[in-house]
Amino acid sequence: MSSSNSPADPAAAPDVDRELMRALARDGRASFTELAERVGLSVSAVHQRVRRLEQRGLITGYAAQLDAKALGLPMAAFVSITPIDVAQPDDAPARLAHLTAIEACHSVAGVESYILKVRVAGPDALEALLQEIRAAANVTTRTTVVLSTFYEDRPPL
């Protein structure tokens with residue numbers, strides 16, 4: 001099966017495509033020239049491969065990585081939420097979408113329904129955010145504050 005017809009599975013990608021994805025995950029601003037030198041192909045071949053990887057859904061976008069501490073948001077925490085009334089609609093992600101301090105929302109199996117990753121300026125801001133979460137989604141919360149992060153946002157390759 002050719003790489004252009006294979007499913008959107010990074011394991012099914014040829015080694016060159018995997019190396020291109022790794023390089024772009026580390027530096028989404030890398031030029032086609034830099035990528036070509038890295039994988040030993042022509043610039044036009046790299047351009048075609050990257051375009052195919054995008055079309056197949058293996059590369060879904062490019063983003064700037066922001067320094068949360070420099071932005072005044074040094075405190076990260078994980079907030080597990082559980083509905084107070086299990087008969088209520090399961091719409092917590094929609095009810096919380098307006099809270100920009102929530103960086104990620106994961107549906108999970110277990111006691112909690114969702115785990116949120118949040119970033120705030122400090123303990124007072126976290127306390128206020130928890131009150132907002134409880135009120136907006138009618139949930140209870142259990143919070144774990146992050147002391148330090150050794151790695152994050154690692155590419156899956």
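Here are some exercises with worked solutions on a predicted model.

**Exercise 1. The largest pocket**

Find out how much space the largest pocket holds, which residues sit closest to its centre, and which elements line it.

*Solution.*

Step 1. Start with the space: the largest pocket holds about 1,400 Å³.

Step 2. Now look at the wall. The lining is made up of 42 residues, and those closest to the centre of the pocket are Ala64, Gln65, Leu66, Glu152 and Asp153.

Step 3. Next, the elements. Helix α1 (15–26) and the strands β1 (75–83) and β3 (114–120) are the ones that each give two or more residues to this lining. Of the elements, α1 has the largest share, with 5 residues.

Step 4. Finish with the chemistry: sort the lining by class and you get 24 nonpolar, 11 charged and 7 polar residues.

**Exercise 2. The second largest pocket**

Work out which residues line the second largest pocket and which strand gives the largest share.

*Solution.*

Step 1. The volume here is about 160 Å³.

Step 2. Pick out the lining in your viewer: Phe78, Glu103, Ala104, His106, Lys117, Glu152 and Asp153.

Step 3. Strand β2 (residues 102–107) provides the largest share, 3 residues.

Step 4. By class, the lining splits into 4 charged, 2 nonpolar and 1 polar.

Step 5. Compare the two lists of names. Glu152 and Asp153 are among the residues closest to the centre of the largest pocket, and they also turn up in the lining of the second largest one.

**Exercise 3. The two sides of α5**

Take helix α5 (residues 123–137) and decide how its buried residues are arranged around the axis.

*Solution.*

Step 1. Check the length. The 15 residues of α5 reach 21 Å from first C-alpha to last, close to the 21 Å expected at 1.5 Å a residue.

Step 2. List what is buried, with under 20% relative accessible area as the cut-off. In α5 that gives Leu126, Leu129, Leu130, Ile133 and Ala137.

Step 3. Look down the axis. These buried residues of α5 fall within an arc of 105°, so they line one face of the helix.

Step 4. Recall the geometry: an α-helix has 3.6 residues a turn, so residues three or four places apart point the same way.

Step 5. Turn to the face directed away from the buried side of α5, and you meet the exposed residues Asp124 and Ala135.

Step 6. Ask what lies over the buried residues of α5. The cover includes the strands β1, β2, β3 and β4 (139–145), along with α4 (92–96).

Step 7. Look just past the helix. Asn138 follows α5 and sits in the loop that leads to β4. Its phi is near 55°, a positive value in a residue other than glycine. Asn138 is partly exposed, with a relative accessible area of 31%.

**Exercise 4. The same treatment for α2**

Repeat the analysis for helix α2 (residues 32–39) and say which of its residues are buried.

*Solution.*

Step 1. The buried residues in α2 are Leu35, Ala36 and Val39.

Step 2. They take up an arc of only 100° around the axis, which puts them on the same side of α2.

Step 3. Their cover includes α1 and α3 (43–55).

Step 4. After α2 comes Gly40, with a positive phi near 75°.

**Exercise 5. Three residues up close**

Classify Ile102, Thr144 and Asp153 as buried, partly exposed or exposed.

*Solution.*

Step 1. Ile102 belongs to strand β2. Its relative accessibility is 15%, so Ile102 counts as buried. Leaving out neighbours within four places in sequence, Ile102 is in contact with Leu96, Leu116, Lys117, Val118 and Ile133. Ile133 is also one of the buried residues of α5.

Step 2. Thr144 is in strand β4. At 43% relative accessibility, Thr144 counts as partly exposed. Not counting residues up to four places away in sequence, Thr144 touches Ala77 and Phe78.

Step 3. Asp153 lies in the segment after β4. With 63% relative accessibility, Asp153 counts as exposed. Its phi is positive, about 55°, although Asp153 is not a glycine.

Step 4. Add some distances. Ile102 and Phe78 are 24 residues apart in sequence and 9.5 Å apart from C-alpha to C-alpha. Thr144 and Glu37 are 107 residues apart along the chain, and their C-alpha atoms are separated by 44 Å.

Methods
Residues are numbered from 1 along each chain as its sequence is written. This is a predicted model: local features need pLDDT of at least 70, side-chain atom pairs count only at pLDDT 80 or more; totals for chains, interfaces and linings use all residues. Side-chain values use heavy atoms; hydrogens and water are left out. On a 1 Å grid over the protein atoms alone, a cavity is a set of points where a 1.4 Å probe fits but cannot get out, and a pocket is an open set with protein on both sides within 12 Å along at least five of seven lines; lining residues have an atom within 4 Å of a point. Grid points are joined across faces, edges and corners, and a volume is the space filled by probe spheres set on the points. Helices (H or I, at least four residues) and strands (E, at least two) are DSSP runs, numbered from the N terminus. Ala, Val, Leu, Ile, Met, Phe, Trp, Tyr, Cys and Pro count as nonpolar, Asp, Glu, Lys and Arg as charged, and the others, Gly among them, as polar. The expected span of a helix is 1.5 Å times one less than its number of residues. Buried means under 20% relative accessible area, exposed over 50%, partly exposed in between (1.4 Å probe, protein chains only). The arc is that of the directions from the helix axis to the C-beta atoms. Contact means heavy atoms within 4.5 Å.
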